[in-house]
4 protein chains.
Amino acid sequence: MLIVMEHEASQEQIDNVIATIKQLGYTPAPIPGSQRTAIGILGNAGPLDPSIFLALDGVKEAIRVSKPYKLVSREVKPENTIVAVGTVGIGGPDPVIIAGPCAVESLDQCLQIAHAVKATGAHLFRAGAFKPRTSPYSFQGLGQQGLDILARVRAETGLGIVTEAVDHEVVPLVEEVADIIQIGARNMQNFSLLRRVGKCTKPVLLKRGMSATIEEFLMAAEYIAAEGNHRIILCERGVRTFADHSRNTLDLSAVPAVKTLSHLPIIVDPSHAAGKRDQVIPLACAAIAVGADGIMVEVHHDPKHALSDGPQSLFPHQFEQLMQRVRAIAAAQRAFAGS
Amino acid sequence: MLIVMEHEASQEQIDNVIATIKQLGYTPAPIPGSQRTAIGILGNAGPLDPSIFLALDGVKEAIRVSKPYKLVSREVKPENTIVAVGTVGIGGPDPVIIAGPCAVESLDQCLQIAHAVKATGAHLFRAGAFKPRTSPYSFQGLGQQGLDILARVRAETGLGIVTEAVDHEVVPLVEEVADIIQIGARNMQNFSLLRRVGKCTKPVLLKRGMSATIEEFLMAAEYIAAEGNHRIILCERGVRTFADHSRNTLDLSAVPAVKTLSHLPIIVDPSHAAGKRDQVIPLACAAIAVGADGIMVEVHHDPKHALSDGPQSLFPHQFEQLMQRVRAIAAAQRAFAGS
Amino acid sequence: MLIVMEHEASQEQIDNVIATIKQLGYTPAPIPGSQRTAIGILGNAGPLDPSIFLALDGVKEAIRVSKPYKLVSREVKPENTIVAVGTVGIGGPDPVIIAGPCAVESLDQCLQIAHAVKATGAHLFRAGAFKPRTSPYSFQGLGQQGLDILARVRAETGLGIVTEAVDHEVVPLVEEVADIIQIGARNMQNFSLLRRVGKCTKPVLLKRGMSATIEEFLMAAEYIAAEGNHRIILCERGVRTFADHSRNTLDLSAVPAVKTLSHLPIIVDPSHAAGKRDQVIPLACAAIAVGADGIMVEVHHDPKHALSDGPQSLFPHQFEQLMQRVRAIAAAQRAFAGS
Amino acid sequence: MLIVMEHEASQEQIDNVIATIKQLGYTPAPIPGSQRTAIGILGNAGPLDPSIFLALDGVKEAIRVSKPYKLVSREVKPENTIVAVGTVGIGGPDPVIIAGPCAVESLDQCLQIAHAVKATGAHLFRAGAFKPRTSPYSFQGLGQQGLDILARVRAETGLGIVTEAVDHEVVPLVEEVADIIQIGARNMQNFSLLRRVGKCTKPVLLKRGMSATIEEFLMAAEYIAAEGNHRIILCERGVRTFADHSRNTLDLSAVPAVKTLSHLPIIVDPSHAAGKRDQVIPLACAAIAVGADGIMVEVHHDPKHALSDGPQSLFPHQFEQLMQRVRAIAAAQRAFAGS
């Protein structure tokens, strides 16, 4: 159930609703809104009686929420969430472009790529210091040294940093440096890790698991929101199917499906879906056209010598092409905003 | 193997190559090209010796083809195939829009929808007179009566007709009326039917099977081409996966994948993939942005009373929105053509 | 709706029910039963009023059928269907073993394999005279010559013949020779072909499509039954998934699922599912253990030189091992029959 | 690379090989073997020169390992691994039966079920104290209190305990009580957790991820083995596909595929795959017939009131039927052991 307060509800009235929820043995979850305060009620097994809450001062509505996720559902918060990172707003009118190499390899590598993508118009820089790898014998990332490099990249370029936290231990280290903490597809249902980043003060970029339904995806986001962190960015990155012409099958219908069900922004990662350089630009264009709030793309100045995922990384000049095309499509779309 | 003739090769020289191929026990397959004639050699189990052919007059090259499909492969014909239907060219610079109801229900219904979509800018009209249905007890289409209605629609609106042939028996009936003969997803590997429409003089729109790989898709097209019909339009319409937020998972990466491997045009059917009206416009936009040569969309003036697939049919005013958005994206894309 | 007649209902009473159904504009479908006659009513869009039929003489019950398939559903016919082929009963207490090469290659090849599998205890011989092949350039079977060979094999060994009909044209040829007409996975939703074999007097072995749900599988069987051929044997042969350690993923849960929903027998083809010889014996054992009514296995005396599917064909000595193990498991299962 | 020592190699010779590996900058991984010592070399990017090692005293062979996993591969250790838990050996001639409720609900519930399954012949007891749940608002398990109950169950019944560790924090708590630590499907690629249980002294039961290939599954096991814990039991529990008649599609071909590639034991969980009670017994029988080293089954004395996964839990009397059938099939299989 969701308690929606009157516009002019006082803090005292809000506190009274929260106290009432607690007395009933449930957990109150206040939800930030630009217009009014709403308070989710968590932890109830069955339906609640709305009249208990409607009788309280300052309460406008008590809404039964039909979805298993509450805090992230559009039923509960009809207007889009915009996640602000510095001057960048993810979920706003303009698509946000996140670019960079798969992994931090060296300061030189990162600076070279960061300067290039910034010059071309990227808004945020991505690179992994901790890499989840299928093999225990593969390069697992530079770790803390990689984070230090990322801090230098931000200092020199001004680009906000998106980087992955692979487990509990590294969350505080990553949180220190990252502007957005990434949770990878393999960890989408690592519920302990979701709860942990739910306590962070930085936004979380949550990638869809390789065989996750949209409901499971939103439930994973709900784990984060339920701990108090509402700054969540979803990311479609392809699902696993029988198809073998791309590494994963990019499921762009996830974008309108998520936007119908949730107020959270959703971006698309065409690089990991494709696994091949020559599909990245077309899929990036399609992602913007389908209505994604941004894209995250791998770019490397020397893909042949990249320590991971070289074949899917764009050359800087290809990233320029991508930016031109993406901008043109975004401009074409903008004319129809709100239609 | 593919024999590429010199520019100025005479018909006599071409005939001599064809005769030589036949003498060796193989099947010659001349391939139309704007620049020069090429002749595919079909039916050889192992590799052939190119020197046999290079010794003949007028032969420029003898190319080993590495793909299991030959006639439809880009190796064999590097330039795009444009399938002309009246004044419409599928595979050319501008995306082609095919619109109409799932099934022919009545002359009135078809005319009403056809006039509406024509006014909005659709290039071709689609509607099924023969419907492949999962249940033997479902509406199976109006049959010959439906074809008669389609002939009337063309006469009154000037729109070319796309309609499905579900089996051998109806191919001659459909060929009589259709401007493009559609082969449905369930028949993608109905090899007898593929061979049969390979003998037709009308172009064939071949839908991808629900669990077909790109190689199988192109091999199905090869069945048609091997019988002499090179006017083939491929159509991505979603594949079957675990995902349940759309009826099928639209696999837009199939478009760049096909374009790399084949010279054939490929369009996208967002309606059958989505199965839900509200995903059709975003997916149609994405299809154009990813580089498809057109889209095929279901439109109905009264979806609630449609005899089949009502929930995925757009209302005419939604189709107008779709056309505006699609045109804007196509225009944005055109600036980068050839890049 | 299903009309169940009294035990002692006269033919006149039955005819009267049939006439009434026709008068109402629906199609009557009499269903053979060992105990009593039942008559399915096909073609009604919505629910019917049972009282119309209960008022007729000799009618015991008028049952609303909740599934989209009727004739093949267990609701309509609770007891198992046993399809008799000569002295072999498929769907009875003992699993039926169908064995032979993928394709008919020569009389010598077929006789050699047929004698070997018969000696080991196979009940029926399988081999394709018409082969549906992904490539138009692959060996497509010996055709009529292959059927002649199969007729010889039956004459010399006494084994019943299972062989595939790939299209309308060959159905009469195949029906002439085959004891069971096979419909392949790619044709599971070739509805015209299903209707055509529904008119045959020989039983039909229907393979599950590579991405067919159980409901679609049973609906395909319903197409056959609706034309009057109730002697249908279903066959699970693996579905297409992301998994790459076998050619297809054998879905053995289809066996109990089908047995709950339908009265038809279901067998399993472990050879096409596995695509690899070394998984065939374990999967054949599992098929018997899960409750399948039989298995269909590829055996070749010289797999290295087989014209198709050599890698998945068992050597005759491996087929002997398979038979021993399968018999032991069937014996172990028999003790619990009816439990 | 794998260094295989002579039968009679001395500890000094073994230590010398280990020291040499370290000097070269690689990681030595001694592998326990009943016959002789082998030492894996981890951390090399490219191939190594075997002559370096063949020159050392006591070295019999230096084998290039072609798989990305080493320690768990059958190339490296041809004989089956038997994981001993008390008097139970998993991977030996007799299948091991693990049974119990999905979740620990109370001491009474656990004791009642444990006594029942023990009386019927189960070897180990399963129940979750920590439950990974899709929703943050679902019952997450009794936690430490649940572990205390499990300790009591073992004390009273003598059954070894299998229970899940969902994250780092709970590993030490679970390790204290469990005889086998379970890692769930959603955590199959939680590499930090895999490394953590790789340092435990208790065996690990690793469930296959819902969309994991066999190679990824074995690589996950390799993560555990690389930390020194070689007592790993794999568990097939169904993969996610389009099929909707069971919760997941049980992929029994994984059993022979794993047994070809790895020396580790593999069991099957039919309960989670099916998600429905009536498929559990047939799938359990099939699992034993396909060659699994055991099964893990959910049993509840009162499934209607189970706090989780009630619909897939067997009643105790159904578990008895399962045991009878499984024993009969295992006996039938035993006759062919080693064949």
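**Exercise 1. The surroundings of B:Leu147**

Which residues does B:Leu147 touch, not counting residues up to four places away in sequence? State also where B:Leu147 lies and whether B:Leu147 is buried or exposed.

*Solution.* The structure is a predicted model.

Step 1. Locate the residue: B:Leu147 belongs to helix 4 of chain B, which covers residues 144–157.

Step 2. List the contacts. With residues up to four places away in sequence left out, B:Leu147 touches B:Ala129, B:Leu173, B:Val174 and B:Val177.

Step 3. Apply the burial cut-off. A residue is buried if 20 or more other C-beta atoms lie within 10 Å of its own. B:Leu147 has 22 other C-beta atoms within 10 Å, and therefore B:Leu147 is buried.

Step 4. Set sequence beside space: B:Leu147 and B:Glu176 are 29 residues apart along the chain, and their C-alpha atoms are separated by 8.9 Å.

**Exercise 2. The fold of chain A**

Describe chain A by its helices and strands, its domains, its dimensions and its contacts.

*Solution.*

Step 1. Chain A contains 11 helices and 14 strands.

Step 2. Its radius of gyration is 21 Å, close to the 20 Å that the globule rule gives for 339 residues; therefore chain A is as compact as a globular protein of that length. The C-alpha trace of chain A spans about 65 × 45 × 40 Å along its principal axes.

Step 3. The domain assignment divides chain A into domain 1 (2–63) and domain 2 (83–334). Between the C-alpha centres of these two domains of chain A the distance is 35 Å.

Step 4. Of the 339 residues of chain A, 57% count as buried. Among contacts in chain A with a separation of 6 or more, 66% join residues 24 or more positions apart.

**Exercise 3. The nonpolar core**

Which residues have the most contacts inside the largest nonpolar core?

*Solution.*

Step 1. Recall the general tendency: in soluble globular proteins, nonpolar side chains tend to be buried together.

Step 2. The largest nonpolar core here has 486 residues, and those with the most contacts inside it are A:Ile3 and C:Ile3.

Step 3. Examine A:Ile3. Residues up to four places away in sequence aside, A:Ile3 touches A:Val17, A:Ala38, A:Ile39, A:Ile41, A:Phe53, A:Val59 and A:Ala62.

**Exercise 4. Chains A and B**

What relation links chain A to chain B, and how many residues of each are in contact?

*Solution.*

Step 1. A turn of 180° with a shift of 0.0 Å along the axis lays chain A on chain B with an RMSD of 0.0 Å. That is the relation of a two-fold axis. In chain A, the C-alpha nearest this axis belongs to A:Ala286, 2.0 Å from it.

Step 2. Count the contact residues: 41 residues of chain A are in contact with 41 residues of chain B. On the side of chain A that touches chain B, helix 8 (254–261), helix 10 and helix 11 (316–334) of chain A each supply at least two residues. By class, that side has 24 nonpolar, 13 polar and 4 charged residues.

Step 3. Compare the two surfaces. Because 100% of the interface residues of chain A are also interface residues in chain B, the copies meet through the same surface.

**Exercise 5. Helix 8 of chain B**

Why is helix 8 of chain B described as largely enclosed by the rest of the structure?

*Solution.*

Step 1. Helix 8 of chain B covers residues 254–261, and 6 of its 8 residues are buried, so it is largely enclosed.

Step 2. Those buried residues are B:Ala254, B:Val255, B:Pro256, B:Ala257, B:Val258 and B:Lys259.

Step 3. Identify the packing partners. In chain B they are helix 7 (214–226), strand 12 (232–236), strand 13 (266–268) and helix 10 (277–290), and chain A contributes helix 10 (280–290).

**Exercise 6. Chains C and D**

Which helix supplies the largest share of the side of chain D that touches chain C?

*Solution.*

Step 1. 41 residues of chain D are in contact with 41 residues of chain C. The largest share of that side of chain D, 9 residues, comes from helix 10 of chain D. Its residues divide into 24 nonpolar, 13 polar and 4 charged.

Step 2. Chain D can be superposed on chain C with an RMSD of 0.1 Å by a turn of 180° and a shift of 0.0 Å along the axis. D:Ala286 has the C-alpha nearest the axis in chain D, at 2.1 Å.

How values were computed: Residues are numbered from 1 along each chain as its sequence is written. Chains are lettered from A and ligands numbered from 1 in the order in which they are written. This is a predicted model: local features need pLDDT of at least 70, side-chain atom pairs count only at pLDDT 80 or more; totals for chains, interfaces and linings use all residues. Two residues are in contact if their C-beta atoms, placed from the backbone, lie within 7 Å. Helices (H or I, at least four residues) and strands (E, at least two) are DSSP runs, numbered from the N terminus. Ala, Val, Leu, Ile, Met, Phe, Trp, Tyr, Cys and Pro count as nonpolar, Asp, Glu, Lys and Arg as charged, and the others, Gly among them, as polar. Copies are superposed by least squares on the C-alpha atoms of residues with pLDDT of at least 70 in both. A residue is buried if 20 or more other C-beta atoms lie within 10 Å of its own, exposed if 12 or fewer, and partly exposed in between; C-beta atoms are placed from the backbone. Domain bounds come from an automatic or database domain assignment. The radius of gyration is taken over C-alpha atoms; the globule rule is 2.2 Å times the number of residues to the power 0.38. A nonpolar core is a set of buried Ala, Val, Leu, Ile, Met, Phe, Trp, Tyr and Cys residues joined through C-beta atoms within 7 Å.
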